[in-house]
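Q: I have this one open on my screen and would like to go through some of its strands and helices with you. Could we take it piece by piece?

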Amino acid sequence: MPDAPILVINTGSSSLKAGLYARVDGEETAVVEGLADNVGHQDSTATLRDAKGKILRRENLLLPSQGEALRIFVRWFAELKLPQPHAIGHRVVHGGPHLVVHQRITDDLLQTLRASVHFAPLHIPSALALIEDTQRTYPRLPQFACFDTAFHRTMPEVAARFALPQALFEEGVRRYGFHGLSYESIVHQLGGALPGRTVIAHLGSGASVAAIKDGRSVDTSMGLTPTGGIVMATRSGDLDPGVLLYLMRTQTKTADMLENLLNRESGLQGISGGTADMREIEVRAKAGDRNAEMAIRIFCRSIAKTIASYAAVLDGIDLLVFTGGIGEHSAQVRREVCIALQFMGLALAEPANESHAKTISTIDSPVQVMVLPSQEDEQIARHCHELMSSGILP
């Protein structure tokens, strides 16, 4: 192995990814990748794969927390005699108004993150807990926080501000944007082939769209939190704020109840009548389930509307990229979104779309359409290597 690996930790609401990434010929390459699913539930599982996707370990385990899942992977790394990491990188969804660049984790950073919990009460506490668990496991290793909001710090004020009083903007109530590590990874993959006007649609359980001008974020659909923007698996996306006032007045909904409604009971799950999995929704729609069909239509419509609005922001679009679990694997979603954008001249090559090819637009389409993998974990490892080589360490 030409380089000691970086341990990359990427936590979700009920999952944990933990992988070792080494730099080979200048690129971040997986040594092993671990995934813990359904953390906090009775049917949780942990799986470890090698760089070629071969399963090295898989067990059904009781994993009450992401920290416990991490300890399982650390034990497996040792049992398989894998190389020791020389640094650790964490994906942190939200750093609040003061943490908007990737940086080394220090006591001051943790204190600032604790003071920003109210900006992302669903995400920051779990990130803090996992960082503290990792510090106990690897007390001597440098650790880095890579923020999903960092990529969007280039947005101009006209995109970042809500139509609210100035004092709230100064307090930090603004559009932050998320999925930044995913967007960064697409920009990196395209390199010199990235055109000046690009829109990227990250479509997964969480979903968002970003307008990229000359490699920099100039607008994005998510806002203060990852709840806003386009329709998602269990999140509502943008709403008339009056809906929340109505529910507070007529159903005496509390903030916690509204948070649960907007983040766990809405989106595809709420529209379809019980499932957030696009694969299952597509099967049900083909069988004639009207609710499933409506869920797909509303989802695709919200994506197409946002992409079209970014054509105005960018003065046209040269490239549209689909990424994320749904973006990479649902030919139907890509088709419906692209059909809605035909007025821009976009022409889809259906055989390429069905086969999930890298380029799915026709040769003469004025808007190129691509399908690229989201490489968040590789991007985290890349940032860790860059921060260490910059002389940040003593």
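Q: How many bridges join β2 to β3, and which way do the two strands run?
A: In this predicted model, strand β2 (residues 16-24) is joined to strand β3 (residues 27-37) by 9 bridges, and the two run antiparallel. Within that pairing, A18 stands opposite G34 in β3.

Q: And what does D25 do in the hairpin of β2 and β3?
A: The hairpin has 2 residues between the strands, and D25 takes a positive phi there, near 55 degrees.

Q: Back to G34, what stands opposite it in β4?
A: That is L48; strand β4 (residues 45-50) runs antiparallel to β3, and 6 bridges join them.

Q: Different topic: in what order do the strands of the open sheet with 5 strands come?
A: The order is β11-β10-β9-β12-β13, with mixed pairing. At the edges are β11 (216-220) and β13 (368-371), each of which pairs on one side only.

Q: How do β10 and β11 run, and what is opposite K213?
A: Strand β10 (residues 207-213) and β11 run antiparallel and are joined by 4 bridges, with K213 standing opposite R216 in β11.

Q: Which strands does helix α11 lie across?
A: Helix α11 (residues 290-314) lies across β9 (197-203), β10, β11 and β12 (319-323), running at about 15 degrees to β10. Helix α13 (residues 331-340) also packs on the sheet, where it touches β9, β12 and β13, and its direction makes about 155 degrees with that of β12.

Q: Last one, what happens at the start of α7?
A: At the start of helix α7 (residues 241-250), a side-chain oxygen of D240 reaches to within 2.7 Å of the backbone nitrogen of G242. After α7 comes T252, which has a positive phi near 45 degrees.

Note on methods:
Residues are numbered from 1 along each chain as its sequence is written. This is a predicted model: local features need pLDDT of at least 70, side-chain atom pairs count only at pLDDT 80 or more; totals for chains, interfaces and linings use all residues. Side-chain values use heavy atoms; hydrogens and water are left out. A polar contact is a pair of N or O atoms within 3.5 Å; within protein, one must be able to donate a hydrogen and the other to accept it, and residues adjacent in sequence count only if both atoms are side-chain atoms. Two strands pair if DSSP finds at least two bridges between them. Contact means heavy atoms within 4.5 Å. Axes are lines fitted to C-alpha atoms, for helices over the stretch in contact, and angles run from 0 to 180 degrees between N-to-C directions.
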